[in-house]
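User: I'd like a close look at the nonpolar core of this protein, and then at what surrounds it. Could you walk me through that part in one connected answer?

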Amino acid sequence: MLVYYKDLTNVVKRYLNESELQQLDKAYLFAKKAHEDQKRSSGEPFIHHPLAVTLNLAILKASLPTLVAGLLHDVVEDSDVTLEDIKTKFGDDIAFLVDGVTKINSFTNTSKTNAAFSSIKKVLLSGVSDVRVLIIKLCDRMHNIST
């Protein structure tokens, strides 16, 4: 099932105020632009994935920074957006969450197993200091498994 921004806003408008909704709009537009030419293996536009992840977070009544990080969780690894761009546009807290969820891609001379282990280790270590990282990653995995 494709998730659209309207699906997300129908849930979050129940608990976010107008200012927070505007910040979420900003993050959505940023993620949409970053993923504009990308498709999932199913052929659907990639933006539906971060929307689905964020909808799951919204159902849990996640905070605004968690929702924003859900929308942005793939932009660093799947586009030319840097973590510094996220920090500048959305702040340190959201950049920390996005970084915690982002896979480690800079491996040399390592096996896929070691790379996967290192990415899991990174998420777990980030999650120790902030459980929101684990929640975002679980929502991400849940959507990936269901598609």
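Analyst: Happy to. The largest nonpolar core has 39 residues, and those with the most contacts inside it are Leu24, Leu72 and Ile86. Two or more residues of this core come from each of α1, α2, α3, α4, α6, α7 (92-101) and α9 (131-146). Among these contributors, α2 gives the most, with 7 residues. Please keep in mind that this is a predicted model.

For the overall setting, the protein chain has 9 helices and 0 strands, so along the sequence the pattern reads α-α-α-α-α-α-α-α-α. Of the 147 residues in the protein chain, 46% are buried.

Let's start with α4, one of the helices that feed the core. This helix is mostly covered, with 8 of its 9 residues buried. The buried residues are Leu64, Thr66, Leu67, Val68, Ala69, Gly70, Leu71 and Leu72. You will recognise Leu72 from above, as one of the residues with the most contacts inside the core.

Next comes α2, and here the aromatic residues are worth a look. The structure holds 2 aromatic pairs. In one of them, Tyr5 and Tyr28 are stacked, with 4.1 Å from centre to centre and 10° between the planes. This pair links distant parts of the chain: Tyr5 belongs to helix α1 (residues 5-12) and Tyr28 to helix α2 (residues 18-34), and the two are 23 residues apart. Both Tyr5 and Tyr28 are buried.

The other pair is formed by Phe30 and Phe90, which meet edge-to-face at 5.3 Å centre to centre, with 80° between the planes. Here too, distant parts of the chain are linked, since Phe30 sits in helix α2 and Phe90 in helix α6 (residues 83-90), 60 residues apart. With a relative accessible area of 18%, Phe30 is buried. Phe90 counts as buried as well, because its relative accessibility is 15% and the cut-off for buried is under 20%. Phe90 has a charged companion too: Lys26 lies over the face of its ring, at 5.2 Å from the ring centre.

Now for the salt bridges. A search of the whole structure finds 4 of them. Between Asp93 and Arg132, the side chains meet with an N to O distance of 2.7 Å. Because Asp93 lies in helix α7 and Arg132 in helix α9, this pair ties together parts that are 39 residues apart in sequence. Both of those helices also give residues to the core. Asp93 itself is partly exposed, with a relative accessible area of 34%. There is a wider arrangement here as well: Asp93, Asp130 and Arg132 are linked in a network of salt bridges.

Helix α9 holds another salt bridge, in which Lys137 pairs with Asp140 and the closest N and O atoms are 3.5 Å apart. Lys137 and Asp140 are separated by about one helical turn, because they are 3 residues apart in helix α9. Both of these residues are buried. Buried partners also appear in the salt bridge between Glu44 and Arg40, whose side chains meet at 3.9 Å, N to O.

Finally, let's move to the surface. Leu60, Val131 and Ile135 make a nonpolar surface patch of about 270 Å². Leu60 is placed in the loop between α3 (48-59) and α4 (64-72). At 57% relative accessibility, Leu60 counts as exposed, because the cut-off for exposed is over 50%. Ile59, found in helix α3, counts as exposed too, at 54% relative accessibility. Although Ile59 and Leu8 are 51 residues apart in sequence, their C-alpha atoms are 9.1 Å apart in space.

To draw this together, the core has 39 residues and receives its greatest share from α2. Helix α2 also holds Tyr28 and Phe30, one partner from each of the 2 aromatic pairs. On the surface, Leu60 joins Val131 and Ile135 in the nonpolar patch, while Asp93 and Arg132 join helices α7 and α9 through their salt bridge.

Key:
Residues are numbered from 1 along each chain as its sequence is written. This is a predicted model: local features need pLDDT of at least 70, side-chain atom pairs count only at pLDDT 80 or more; totals for chains, interfaces and linings use all residues. Side-chain values use heavy atoms; hydrogens and water are left out. Rings of Phe, Tyr and Trp (its six-membered ring) pair if their centres lie within 6.5 Å; planes under 30 degrees apart count as stacked, over 60 as edge-to-face and the rest as tilted. Helices (H or I, at least four residues) and strands (E, at least two) are DSSP runs, numbered from the N terminus. Buried means under 20% relative accessible area, exposed over 50%, partly exposed in between (1.4 Å probe, protein chains only). A charge sits over a ring if NZ of Lys or CZ of Arg is within 6 Å of the ring centre and within 35 degrees of the ring normal. Patches are made of residues with over 30% relative accessible area and no salt bridge: like charges are joined within 9 Å, nonpolar side chains (Val, Leu, Ile, Met, Phe, Trp, Tyr) within 5 Å. Accessible areas come from the Shrake-Rupley method with a 1.4 Å probe; for residues, only the protein chains shown count as cover. A nonpolar core is a set of buried Ala, Val, Leu, Ile, Met, Phe, Trp, Tyr and Cys residues joined through side-chain atoms within 4.5 Å.
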